[in-house]
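Here are a few exercises to try with the structure open beside you. Have a go at each task before you read its solution.

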Amino acid sequence: MPLYEYSCRKCHNDFELLIRADERPVCPACGSQRLEKQLSVTAAHSASTQLGAPPGGCGQPQCGMGGCAME
């Protein structure tokens, strides 16, 4: 089950959920299904690593070009 980050458009609550393929996420604070999926730092880092960036980067565009802002 993947872990996703969401922001509720109704109450502006930010949260994470484990979602199965057949589930529809709802806000734990207000029950709304008006959610916006967020790009998490972990997801961005994983994607940049898969694209050939060196491991240990911060996910910023400069990572993988020898200029990680976190170093």
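A residue is called buried under 20% relative accessible area, exposed over 50%, and partly exposed in between (1.4 Å probe, protein chains only). You're looking at a predicted model, where local features need pLDDT of at least 70, side-chain atom pairs count only at pLDDT 80 or more, and totals for chains, interfaces and linings use all residues. Residues are numbered from 1 along each chain as its sequence is written, and side-chain values use heavy atoms, leaving out hydrogens and water.

**Exercise 1.** Work out whether serine 7 is buried or exposed, and find the partner of its side chain.

Step 1: Find serine 7 in strand β1, residues 3-8 (a strand is a DSSP run of E, at least two residues, numbered from the N terminus).
Step 2: Its relative accessible area is 17%, so serine 7 is buried.
Step 3: Its side chain makes a polar contact with the side chain of aspartate 14, at 2.9 Å. (That's a pair of N or O atoms within 3.5 Å; within protein, one must be able to donate a hydrogen and the other to accept it, and residues adjacent in sequence count only if both atoms are side-chain atoms.)

**Exercise 2.** Figure out how many disulfides the structure holds.

Step 1: Use the cut-off: two cysteine sulfur atoms within 2.5 Å.
Step 2: The count is zero. Cysteine 11, for instance, is in no disulfide, and its nearest cysteine sulfur, in cysteine 27, is 3.7 Å away.
Step 3: Check cysteine 30: its closest cysteine sulfur, in cysteine 8, is 3.7 Å away, so that's too far for a bond.
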